[in-house]
Amino acid sequence: MRMYTVYALYSERHQKIYVGFTSGLEKRILSHNKLATKGWTFRFRPWELVHTECFESKAEAIRREKSLKSARGREFIWGLIRGDAT
């Protein structure tokens, strides 16, 4: 069975976060940091992985990705970066 990972990246240099999902996390992070030659994340390298969650279905992963992209979800991620107790 294929697993899907929702992940959050942080660019300390640019103070940006990025949320996405994938079925191949290592390759996807490599793409964000080294392989991609265009796109939004290309401009804000380097990226650090700060959060992951695994799901059995693509639909669940998409729902969680959307949740983390909301204002409340982004505040949750910023809290992780700051080291706030959650």
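This report describes the salt bridges and one helix packing contact in a predicted model.

**Salt bridges**

A search of the whole structure finds four salt bridges, and the table lists three pairs with their N to O distances.

| Acidic residue | Basic residue | N to O distance |
|---|---|---|
| glutamate 53 | arginine 64 | 2.8 Å |
| glutamate 65 | lysine 69 | 3.2 Å |
| aspartate 84 | arginine 82 | 2.8 Å |

The salt bridge between the side chains of glutamate 53 and arginine 64 links distant parts of the chain, since glutamate 53 belongs to strand E3 (residues 48–55) and arginine 64 to helix H2 (residues 58–68), with the partners eleven residues apart. Glutamate 53 has a relative accessible area of 17%, and because buried means under 20%, this residue counts as buried. Arginine 64, by contrast, stands at 24% relative accessibility and is therefore classed as partly exposed, the class between 20% and 50%.

In the pair formed by glutamate 65 and lysine 69, whose side chains meet at 3.2 Å, the acidic partner is buried, with a relative accessible area of 12% for glutamate 65, whereas lysine 69 is partly exposed at 39%.

For the pair of aspartate 84 and arginine 82, joined at 2.8 Å from N to O, neither partner falls in the buried class: aspartate 84 is partly exposed with a relative accessible area of 38%, and arginine 82 is likewise partly exposed at 47% relative accessibility. This pair also belongs to a wider arrangement, in which salt bridges that share partners join Glu75, Arg82 and Asp84 into one network.

**Packing of H2 against H3**

Helix H2, which carries arginine 64, packs with helix H3 (residues 71–82) at an angle of about 80 degrees, and the axes of the two helices lie 5 Å apart. Because an angle from 65 to 115 degrees counts as roughly perpendicular, H2 and H3 are described as roughly perpendicular to each other. On the H2 side the contact is made by Arg64, Ser67 and Leu68, while H3 contributes Gly73, Arg74, Phe76 and Ile77. By class, the residues of this contact divide into three nonpolar, two polar and two charged.

Arg64 thus appears in both parts of this account, as the partner of glutamate 53 in a salt bridge and as one of the H2 residues that make the contact with H3.

How values were computed: Residues numbered from 1 in each chain as written. Predicted model: local features only at pLDDT ≥ 70, side-chain atom pairs only at ≥ 80, totals over all residues. Heavy atoms only, no water. Helix = DSSP H or I, 4+ residues; strand = E, 2+ residues; numbered from the N terminus. Buried < 20%, exposed > 50% of the residue type's maximum accessible area, 1.4 Å probe, protein only. Axes fitted to C-alpha atoms, helices over the stretch in contact; angles between N-to-C directions. Parallel < 35°, antiparallel > 145°, perpendicular 65-115°, else oblique. Contact = heavy atoms within 4.5 Å. Nonpolar A, V, L, I, M, F, W, Y, C, P; charged D, E, K, R; others polar.
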